[in-house]
Amino acid sequence: MWRWLHPYAKPEASYNLLQKLLPWFVALTLVTLITGVIWGLAFAPSDYQQGDSYRIIFLHVPAAIFSMGAYMGMAIMGGIALIWQIKTAEWAIPAIAPVGATLTIVALLTGAIWGKPMWGTWWVWDARLTSELILLFLYVGVMALYFAFDDARTGAKAAAILSLVGVINLPIIHFSVEWWNTLHQGATITKFERPSIAASMLIPLLICLVGFAFLTVSLVMMRLKNEILRHELHRPWAQQRLEQD
C-alpha cells in the first residue's frame, strides 16, 4: 500500500489525483444527501414519542459522527507528517480542521435545537455535550497552533502533535453515554447490538451518513487543493494550473 501511496507524497501528484476524484465525490455527495434528506424529512414516519421533532437526527447524527471522523483523519495526517515528514500531510491538517470544526458546530447547534423540546433546555454540562464542545476547542487549537509560528514547519509540527494528543477525546465522546449517567440518550445506530431504530428511519439516516461522508471528503479535497497551490505557487506546475483553472 505504501508503494501505491508514496508517489502521492509529491504535491503535484496529490493535486492531480484530487483534481480527478473531486467531481466524482461532489456528484456522490449531491445524490446521497438529497436522497437521504428528502427521504428523512418528508417520507420517514413520525416517532411515536417525539413526533416530527426527531427528524433533526438526519442532520445531527451525521454531523456529530463526522465531526469525530474528520478529527481522526486530521490525526492520521498529523502522524504521517511527524513520522515521514510529508508536506502534503502537513497541509492536510489546516484543510481538515475548519471542516471538522464546522461539523462540530452543526452537531452542537442541532443538538441544542433538539434538546430544547425534548429536555426542556438548550444546554446542560452533560458528558456527551461537554466532550463534543472540547472537540470544537481542539479544532480551534489546532488551527491556532498551525498559524501561530513564523516558521510554517514548526507550526505544522505543533498542530500535528495536538491533533494526535486530542484523539483521546474521541472515545470519551463515543462512550460518554455508557461511562456516565448522562442526560444524552444512548447510542442508537453505533452500538454493537442491533440498532434501536426502526428500519424505515434507519435507512434514510444511513443514506445521510454516506452523504455526509462524501461531503466531508469533498470539502477537504477542495481545501487541500487550495493549500497545495498556496504552498507551491512559486513552482511552474502550480502557476500553469492556476492559469488553466
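Which helix is the place of Tyr71? Select that residue and you land in helix α3. Keep in mind as you click around that this is a predicted model.

**Stop 1: the whole chain**

Before zooming in, show everything as a cartoon. You should count nine helices and zero strands, so to speak a run of α-α-α-α-α-α-α-α-α from one end of the sequence to the other. The radius of gyration comes out at 20 Å, close to the 18 Å from the globule rule for 245 residues, so the chain is as compact as a globular protein of that length. Turn on a bounding box along the principal axes and the C-alpha atoms fill roughly 60 × 35 × 30 Å.

Now switch to a surface. About 13,200 Å² is exposed, and carbon and sulfur atoms supply 69% of that area. As for the inside, 43% of the 245 residues count as buried. If you like contact maps, take the contacts with a separation of 6 or more: residues 24 or more positions apart account for 74% of them.

**Stop 2: α3 against α5**

Hide the rest and keep residues 57-84, which are helix α3, and residues 127-146, which are helix α5. Two packed helices are described by the angle between their axes and the distance between the axes. Here the axes come within 11 Å and cross at roughly 35°, and the crossing of α3 past α5 is left-handed.

Which residues make the contact? Show these as sticks:

- from α3: Ala64, Ser67, Met68, Ala70, Tyr71 and Met74
- from α5: Glu132, Leu135, Leu138, Tyr139 and Val142

Colour them by class and you get nine nonpolar residues, one polar and one charged.

**Stop 3: Tyr71**

Back to the residue we started with. Is Tyr71 buried or exposed? It is buried, because its relative accessible area is 0%, and the cut-off for buried is under 20%. Leave out residues up to four places away in sequence, and Tyr71 touches Leu135, Leu138, Tyr139, Val142, Leu162, Ser163, Gly166, Val167 and Leu170. Put a distance label on the last of these: the C-alpha atoms of Tyr71 and Leu170 are separated by 8.4 Å, with their positions 99 residues apart along the chain.

**Stop 4: Ser67**

Stay in helix α3 and pick Ser67. Ser67 also counts as buried, at 0% relative accessibility. What does Ser67 touch, not counting residues up to four places away in sequence? Select Gly100, Leu103, Thr104, Glu132, Leu135 and Tyr139. Leu135 and Tyr139 are also on the list for Tyr71.

**Stop 5: Ala107 in α4**

Bring back residues 87-119, helix α4, and find Ala107 there. With 3% relative accessibility, Ala107 counts as buried. Leaving aside neighbours within four places in sequence, Ala107 is in contact with His60, Ala63, Ala64 and Glu132. Ala64 and Glu132 also belong to the α3 and α5 contact from Stop 2. For a longer ruler, click Ala107 and then Ile83: they are 24 residues apart along the chain, and their C-alpha atoms are separated by 32 Å.

**Stop 6: two loops**

Slide to the loop between α3 and α4 and select Gln85. Check its backbone torsions: phi is positive, about 55°, although Gln85 is not a glycine. Gln85 is partly exposed, with a relative accessible area of 38%.

Then go to the loop between α5 and α6 for Ala148. Is Ala148 buried or exposed? At 53% relative accessibility, Ala148 counts as exposed, since the cut-off is over 50%. Draw a line between the two loop residues and the C-alpha atoms of Ala148 and Gln85 read 20 Å, for 63 residues along the chain.

**Stop 7: Ile172 in α7**

Last pick: Ile172, in helix α7, residues 169-179. Ile172 is partly exposed, with a relative accessible area of 28%. Setting aside neighbours within four places in sequence, its contacts are Ser131, Trp179 and Trp180. To tie this back to α3, measure over to Met68: 11 Å from C-alpha to C-alpha, at 104 residues apart in sequence. Met68 is one of the α3 residues in the contact with α5, which brings you back to the helix pair from Stop 2.

Terms used. Residues numbered from 1 in each chain as written. Predicted model: local features only at pLDDT ≥ 70, side-chain atom pairs only at ≥ 80, totals over all residues. Heavy atoms only, no water. Axes fitted to C-alpha atoms, helices over the stretch in contact; angles between N-to-C directions. Helix = DSSP H or I, 4+ residues; strand = E, 2+ residues; numbered from the N terminus. Left-handed = near helix turned anticlockwise from the far one by under 90°. Contact = heavy atoms within 4.5 Å. Nonpolar A, V, L, I, M, F, W, Y, C, P; charged D, E, K, R; others polar. Buried < 20%, exposed > 50% of the residue type's maximum accessible area, 1.4 Å probe, protein only. Rg over C-alpha atoms; globule rule 2.2 N^0.38 Å. Areas by Shrake-Rupley, 256 points an atom, 1.4 Å probe, with all protein chains shown as cover.
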